[in-house]
Amino acid sequence: MNQADVQKALKEHAKAIGDLQPDPERIHVAVLGAARKAPGRRWTPLVTGIVCLLLGAAVATAATGLLDPALESFLHGGKSPGRQLSGKALPSWLRPAPGYNAPDEVSVVASSGEERLLAYRQRGWICFDYGSHAGECRTPREWRRDLEKAPWILRGPVGRSVWFGLVDASVALVRVEYREGGTTDVLVRNGGFVLDADRARDPQRLVALDASGDEIVSAPVVYPTR
Amino acid sequence: MEDLTLSERDAVTARVFRANRGDRDAREWIASRAYTAGLRLATFSLGDPNLAQDVGQEVAIRVLRGLPKLRDASRFDAWTYRICAGEIKRAAKKRQRHDWHPYDAAEGELRVEATFAESLGERDWVVRALAELSERQRLVLGLHYVYGLNDREIAAVIRSRRGTVRSLLSRGLARLREQAENEGESDRGSEAAVGQRTREEAVG
């Protein structure tokens, strides 16, 4: 068989195919099908996933701007914020001891007199100790979630009349207002603060202020009843 | 391109405009034209009119849905052929996943509907031979032989160079010729085997 025979056979084949007629019923179905909403393409799940990732990244980026950089870094696996403690400077309950999985690094986020807000990481948990009174360990996600809900995480009063707290980046100063009108102010350090109030002056209210002195959030002072 | 006179080309363009404005008859007409293109090209390429009907329907749906985005209505046919090419490729992949071949080697016959097989007559080797070509070769041959497109027009459809189209055409034809010769030899071989058996039976 030569090339001409092949071409002739192809032409005959194409002619026979050219006689094929569409099924009118199926054309009608196609017209109706086209009028319906187009189904999602096969790569829709992939695109949706990418969009979700981008949105997630955008939210994460936005959250990054909400916290003090040192605190933010700590929640993301960086070193603990503030002044690092080691050796004998470590509080006794955090020093290495046999059978105790002591944290690698402990830092003082903020302090007031002898009261210190300590930060450290232990077995993946992010821990804050409120002086020698109490402490709590939670996952970075839980800390972040609470700081996204409110401008501060307030703990206290403990000891004489001390408040500890973590704040977001909008808070520059924390103030306690006394009944006679006076106040005690503390600056936020590394995303945290320690406020040692004078109980004798009857504290009434705690206020978080921004750098312009505008009030962001406040809470009444309530002492636990014995 | 299909050999349209100016008025026919204008008729296509006018119907595209009307279909985009929601004219029901124009949409039916557009669907029919797209369906037919898909049906014929897919039959040539895949050798299976049943599967080609599915391709035709899918092409019609895609054309109707994509019509509002068609910027140059006079390019309707080329655009439709491109959609056909995509749908044929998809259908071929689907068929490959099910390990389906138009020719059943064990039974020695084409797996196509009886009426189509009858219409092929002596040309059934063409379907078998086409199945051995590459997808692009079949598409180019189909556009050339079924729709009479020249190399420039085919190049526009498959977004390739004219030289590539010419090469695909000539290599496709050469391959078909090889296949035809192989078919001829195997037919002669089987005839010889039958003759040998007949002689043995006569001697026995």
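A crossing of two helices counts as left-handed if the near helix is turned anticlockwise from the far one by less than a right angle, and as right-handed if the turn is clockwise. Keep that in mind for the first view; everything here comes from a predicted model.

**View 1. Helix α1 of chain A crosses helix α2 of chain B.** Going by that rule, the crossing of α1(A) and α2(B) is right-handed. Two packed helices are described by the angle between their axes and the distance between the axes. Here α1(A), residues 3–18, packs against α2(B) at an angle of about 140 degrees, and the axes are 9 Å apart. Look for A14(A), I17(A) and G18(A) on one helix, meeting R40(B), T43(B) and F44(B) on the other. Sorted by class, this contact has three nonpolar, two polar and one charged residues.

**View 2. The side of chain B that touches chain A.** Zoom out a little, and you'll find 30 residues of chain B in contact with 24 residues of chain A. On chain B's side, the elements giving two or more residues are α2 (24–46), α3 (49–66), α7 (135–145) and α9 (162–203). The largest share, 10 residues, comes from α2(B). What mix of residue classes does chain B bring to this side? It's 15 nonpolar, eight polar and seven charged.

**View 3. Chain B on its own.** This chain has nine helices and two strands, and along the sequence they run α-α-α-α-β-β-α-α-α-α-α. Of its 204 residues, 38% are buried. Now take the contacts in chain B with a separation of 6 or more: 65% of them join residues 24 or more positions apart.

**View 4. Helix α6 of chain B, mostly covered.** Pick out residues 124–131 of chain B, and you have α6, with six of its eight residues buried. The buried ones are D124(B), W125(B), V126(B), V127(B), A129(B) and L130(B).

**View 5. The largest nonpolar core.** In soluble globular proteins, nonpolar side chains tend to be buried together. The largest nonpolar core in this model has 58 residues, and A31(B), A42(B), V59(B), A60(B), L64(B), I88(B) and L143(B) have the most contacts inside it. Helix α2(B) gives the largest share of this core, 10 residues. Which residues does I88(B) contact, leaving aside neighbours within four places in sequence? They are L41(B), A42(B), S45(B), L46(B), V55(B) and L139(B). Another core, of 34 residues, lies apart from the largest one; A70(A), A119(A), V162(A) and L195(A) are among its members.

**View 6. An open five-stranded sheet in chain A.** The strand order is β1-β2-β3-β4-β5, with antiparallel pairing. Why do β1 (83–85) and β5 (134–138) each have one side without a neighbour in the sheet? These two stand at the edges with a single partner strand each, so one side is left free of a neighbour. From one strand to the next, the twist averages 25 degrees. Inside the sheet, β2 (residues 106–112) and β3 (residues 115–122) of chain A pair over six bridges, and V106(A) has Y120(A) as its bridge partner in β3(A).

**View 7. S161 in a loop of chain A.** You'll spot S161(A) between β6 (152–158) and β7 (162–167) of chain A. Is S161(A) buried or partly exposed? Because S161(A) has 18 C-beta neighbours inside 10 Å, and being buried takes 20 or more, it counts as partly exposed. Not counting residues up to four places away in sequence, S161(A) touches A197(A), R199(A) and P203(A). A200(A) is 39 residues from S161(A) in sequence, yet 9.6 Å away in space, C-alpha to C-alpha.

Note on methods:
Residues numbered from 1 in each chain as written. Chains lettered and ligands numbered in written order. Predicted model: local features only at pLDDT ≥ 70, side-chain atom pairs only at ≥ 80, totals over all residues. Contact = placed C-beta atoms within 7 Å. Helix = DSSP H or I, 4+ residues; strand = E, 2+ residues; numbered from the N terminus. Nonpolar A, V, L, I, M, F, W, Y, C, P; charged D, E, K, R; others polar. Buried ≥ 20, exposed ≤ 12 C-beta atoms within 10 Å, placed from the backbone. Pairing = 2+ DSSP bridges. Axes fitted to C-alpha atoms, helices over the stretch in contact; angles between N-to-C directions. Core = buried A, V, L, I, M, F, W, Y, C linked by C-beta atoms within 7 Å.
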